[in-house]
Structure formats: structure tokens, C-alpha cells
Amino acid sequence: MGRVTERRKVLRIRDGAVSSRPDTLVAEEPLEIRLNGKPLAITMRTPGDDFALAAGFLVSEGVLGGQRDLRNIVYCAGATADGSNTYNVVDVQTAPDVVIPDITLERNVYTTSSCGLCGKASLDAVRTTARWPIADTPRLQVTPELLASLPDRLRAAQRVFDRTGGLHAAALFSEDGELLDIREDVGRHNAVDKLVGRALQNGDLPLSRTVLLVSGRASFELAQKAVMAGIPVLAAVSAPSSLAVDLAAEAGLTLVGFLRGSSMNVYAGEDRIALRAAAAQD
């Protein structure tokens, strides 16, 4: 299997001084996801947790909804012309009674490390395929203070980022602020898929009592992945997109952006933020 990091020689210039040294970089390799033997998608990812990534991707596509829907995931042998296994092709086998949505069979999806499911910006598609409507789940509330504490905890748990500086991260927290899981990847959408896929493998879906925190911005597809996994709160350290806000408002998702220090913007679902508790402490 490909390594998470690789070494490359670089020319380093610091205050006019020039030196040559090895540098640690995050690895990026393509992963082809096949569904019941048929090619479905190619994503650029950091190797590792590939089975969870594939499972999480299929949760966001509306194919998998629980542990029983998944029969097996395997690496495909003979993935190259000479018959060697690159560990860059996985085949997801679903249970016999799983209905495969037409939307997944009619298109081959190429996802990049930055944009994810480009072009699939359909609010209707998410609304009609979401298995666990967030608006119908029992309400949880989180305080601004709890949200403000999460980015530092995310950063402290990013092991590979410390060596490369080139990875995004996604973390799941309980409503009480307990770190449940964290995944790193060159693509933030892959990191979320790895979280969701691991939850599916463990039988933990829907994630209806959790907070999802992502490094960087909150795109439409990250909001989509949160909704499809039943996650009620999505927080990002940077800005959300307009379509992410639209989806959050429609689906009942709490969307927080610019989560930095004690400051944050709440773009949708403010009823889950315990503002009265915050005001009482001022």
C-alpha cells in the first residue's frame, strides 16, 4: 500500500542562505472505487483507510445506509497491465437486497482533492435521498464555548500534518465535546468520507448526536455528506459556500463557519447553539 508521506529533495532558501535538504510531503495517489465490479469513481486521496473512504463515499451517494448493506470491500488484484496490485482500486460489494440508485450507475465521477463531487450541486437530490432527516431528530444543543474549543483539539490530533503541513482533517465530536474520531487526507471531502465510512463499518450510523469539524472551508459537498450521515452540526474554520448555506437551511443542518478562537458565524440552524447560556456567562 502507498505510504502516507514521501520524501523529496528541495532547495531551501532562508534569509538569503541556500541549502539542499529532504522534505516530507503528504502522499497523493488515485483511488478507483468500483461498485459490485463496475467502475464508479476516481478520487485523489492520501493512502490509508481506503475501505472506510469507499464506504463513506457510498453513504453520501445514498447507496449504503447501514452496516448490513455492506457485504465486503476488497482491493482489486491485477490492477495494472503486468498483474501487480497497486492497492489503488477497491471494489465495494453490497448486500443482495440493496437498491442501487440510478444516479450512481449513469455516471462515472472524477473527484479531485479540492472539489470533490463537482457538478452534483442539487439540493433536491440530497433532500430525496437522505435516510435520516436531520430536522426530525431529537435536538441537541452546544455552547459557543464548546465549539470554540474544538479547532485546537483537532489541530493537536493531526499527526501527519505536523510532519507535512499539507493535510486537511475532519473530526467527529460528541455533543459534550469528546473527540470520537479524526481522519486526515489531502482532500477534506475524503477525510469526511473516512469518518463516515468508519462509522458505517462500526454500525454507528446515523451520527445524530455528533458535531463534525472540518479544516478549511465548508463546501456544498461537505454539507451534503453531513446531511447524508445524519450529522446535525457542521463547523468549519473557514468560510462556507452559498450553496452549503442553502442546503443547511433546507435540511435543518446547523452550519458554523469562521470558527476561530471565540469567534464564529452561524449561517443556519442557530437553534442548536445555546445562546442563552452564552449570554448568561457574559
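**Group meeting talk: strands, rings and a buried helix**

Okay, let's start with two neighbours: strand 5 and strand 6 pair in the antiparallel sense, and five bridges join them. Before I go further, keep in mind that this is a predicted model. I'll come back to confidence at the end.

So, strand 6. On its other partnership, strand 3, residues 29-35, runs parallel to strand 6, with four bridges between them. If you want one pair to click on, take Leu35, whose bridge partner in strand 6 is Val92. And on the strand 5 connection, look for Tyr75, which stands opposite Val90 in strand 6.

How many of the residues of strand 6 are buried? Six of six, so to speak a full house: strand 6 is mostly covered. Now, here's a bit of textbook: in a regular strand the side chains alternate between the two faces of the sheet. You can follow that here, with Val89, Asp91 and Gln93 pointing one way and Val90, Val92 and Thr94 pointing the other. Both sets are buried.

Let's stay with Tyr75, since it brings us to the aromatic rings. The count of aromatic pairs in this model comes to two. In one of them, the ring centres of Phe51 and Tyr75 are 4.8 Å apart and the planes sit at 40 degrees, so we call that pair tilted. Where do these two residues lie? Phe51 is in helix 1, residues 50-60, and Tyr75 is in strand 5, residues 70-75, so the pair ties together parts that are 24 residues apart in sequence. Phe51 itself counts as partly exposed, at 28% relative accessibility.

Then there's Tyr75 with Tyr87. Here the centres are 5.1 Å apart and the planes are at 80 degrees, so this pair is edge-to-face. It links distant parts of the chain too: Tyr75 is in strand 5, while Tyr87 is in the loop between strand 5 and strand 6, twelve residues apart. Tyr87 is partly exposed as well, at 34% relative accessibility. Put the rings together and Phe51, Tyr75 and Tyr87 form one aromatic cluster.

Right, let's move along the chain to another sheet. Six strands form an open sheet here, in the order 9-8-10-11-12-13, with mixed pairing. Which strands are at the edges? Those are strand 9, residues 179-185, and strand 13, residues 263-268, and each pairs on one side only. Going from one strand to the next, the twist averages 20 degrees.

Zoom in on the strand 9 end. Strand 8, residues 168-174, and strand 9 run antiparallel and are joined by six bridges. One example is Ala171, whose bridge partner in strand 9 is Ile182. Helix 6 packs on this sheet, touching strand 8, strand 9 and strand 10, and its direction makes about 140 degrees with that of strand 9.

So what does helix 6 look like? It covers residues 188-201, which is 14 residues, and reaches 20 Å from its first C-alpha to its last, close to the 20 Å expected. Is it enclosed or open? Twelve of its 14 residues are buried, so helix 6 is largely enclosed by the rest of the structure. Among the buried ones are Arg188, Asp193 and Lys194, along with Ala191, Val192 and Leu195.

My favourite in there is Asn190, which is in helix 6. Asn190 is buried, with a relative accessible area of 1%. Leaving out residues up to four places away in sequence, Asn190 touches Thr43, Met44, Arg45, Leu53 and Asp185. After the helix comes Gly203, with a positive phi near 75 degrees.

For contrast, try Arg260 in strand 12, residues 254-260. Arg260 counts as partly exposed, with a relative accessibility of 49%. It touches Val237 and Ser238, again leaving out residues up to four places away. The C-alpha atoms of Arg260 and Val237 are 6.1 Å apart, though the two are 23 residues apart along the chain.

Last, confidence, as promised. The chain averages a pLDDT of 84, and 82% of the residues score at least 70. Where does pLDDT stay under 50? One stretch is residues 103-110, where the model has 18 contacts beyond four places in sequence. Another is residues 112-121, with 29 such contacts. Where pLDDT is low, the predicted coordinates should not be read in detail.

Conventions:
Residues are numbered from 1 along each chain as its sequence is written. Side-chain values use heavy atoms; hydrogens and water are left out. The expected span of a helix is 1.5 Å times one less than its number of residues. Buried means under 20% relative accessible area, exposed over 50%, partly exposed in between (1.4 Å probe, protein chains only). Contact means heavy atoms within 4.5 Å. Rings of Phe, Tyr and Trp (its six-membered ring) pair if their centres lie within 6.5 Å; planes under 30 degrees apart count as stacked, over 60 as edge-to-face and the rest as tilted. Two strands pair if DSSP finds at least two bridges between them. Axes are lines fitted to C-alpha atoms, for helices over the stretch in contact, and angles run from 0 to 180 degrees between N-to-C directions. pLDDT is the predictor's confidence in each residue, from 0 to 100.
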